[in-house]
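Me: Please take a close look at one residue in this structure and the side chains around it. Then work outward to the ring pairs and the charged pairs, and explain each step plainly.

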Amino acid sequence: MTQWGSKSLGDQGYSPIEIIRHFYGSDMYVNAAEQISGIPSSWPGYNLSVGSSGAKVRQLQEQLDTIAEVYTIIPRIAADGIFGERTREAVQQFQSTFGLPQTGVVDFRTWYKISQIYVAISRIAELA
């Protein structure tokens, strides 16, 4: 918004919301939250595959199972935190459905595709 003079307003001591209100009217407001929950976390930094376990596997399973509610070709799985054959099958079907290499391993690309679809399915990024 520098081309509209927002930098100049900032230099004059206007707060970000005051700058927005200057351009868009006094009824503009910013929602704030004490805590944000449900946002997918970052890739763990290593591939998840059969034999992996822990919180990242549980998160993966929860997201995949939510996706499977809509994309019924993906097998439903329990979120037990243990990456077993059933999780591998769900990952492989997810990869097939969304045009990824069908390895059954959750690498960087698969992790973020799952996160992208999960956000779309669960609508956590939608403003209410």
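Reply: Thr110 is buried in this predicted model. Its relative accessibility is 3%, and a residue counts as buried when that value is under 20%, so Thr110 falls on the buried side of the cut-off. The residue is part of helix H5, which covers residues 108–122.

What does Thr110 touch, leaving out residues up to four places away in sequence? The contacts are Val91, Phe94, Gln95, Leu100 and Val105. One of these, Phe94, will come up again below.

The ring pairs come next. There are four aromatic pairs in the model. One of them joins Trp43 and Phe108, with ring centres 5.4 Å apart and planes at 85° to each other. Planes over 60 degrees apart count as edge-to-face, so this pair is edge-to-face. The two rings belong to distant parts of the chain, 65 residues apart: Trp43 sits in the loop between helix H2 (16–24) and H3, while Phe108 sits in helix H5. Helix H5 is thus the element that holds both Phe108 and Thr110.

Neither ring of this pair counts as buried. Trp43 has a relative accessibility of 23%, which makes it partly exposed, and Phe108, at 48%, is also partly exposed.

A second pair is formed by Phe94 and Phe98. Their centres are 4.7 Å apart, and the planes make an angle of 40°, so the pair is called tilted. Phe94 is buried, with a relative accessible area of 0%. Phe98 is buried too, at 18%. Phe94 therefore has two roles in this account: it is a contact of Thr110 and a partner in the tilted pair. Rings also join beyond single pairs, since Trp43, Phe108 and Tyr112 are linked into a cluster by ring pairs.

The charged side chains form another set of links. The structure has five salt bridges. In one of them Arg76 is paired with Asp65, and the closest N and O atoms are 2.7 Å apart. Arg76 is in the loop between helix H3 (55–70) and helix H4 (85–97), whereas Asp65 is in helix H3, so the bridge ties together parts that are eleven residues apart in sequence. The two ends differ in burial: Asp65 is buried at 15%, while Arg76 is partly exposed at 43%. Asp65 and Arg76 also belong to a network of salt bridges that includes Glu69.

Two further bridges lie within helix H4. Glu85 meets Arg88 at an N to O distance of 2.8 Å. These two residues are three places apart in helix H4, so about one helical turn separates them. Glu85 is partly exposed, with a relative accessible area of 43%, and Arg88 is partly exposed at 22%.

The other bridge in helix H4 joins Arg86 and Glu89, whose closest N and O atoms are 3.8 Å apart. The limit for a salt bridge is 4 Å, so the pair still counts. Arg86 and Glu89 are likewise three residues apart, or about one helical turn. Arg86 is partly exposed at 46%, as is Glu89 at 34%.

To return to the start, Thr110 is a buried residue that touches Phe94, and Phe94 is itself buried.

Conventions:
Residues are numbered from 1 along each chain as its sequence is written. This is a predicted model: local features need pLDDT of at least 70, side-chain atom pairs count only at pLDDT 80 or more; totals for chains, interfaces and linings use all residues. Side-chain values use heavy atoms; hydrogens and water are left out. Helices (H or I, at least four residues) and strands (E, at least two) are DSSP runs, numbered from the N terminus. Buried means under 20% relative accessible area, exposed over 50%, partly exposed in between (1.4 Å probe, protein chains only). Rings of Phe, Tyr and Trp (its six-membered ring) pair if their centres lie within 6.5 Å; planes under 30 degrees apart count as stacked, over 60 as edge-to-face and the rest as tilted. Contact means heavy atoms within 4.5 Å.
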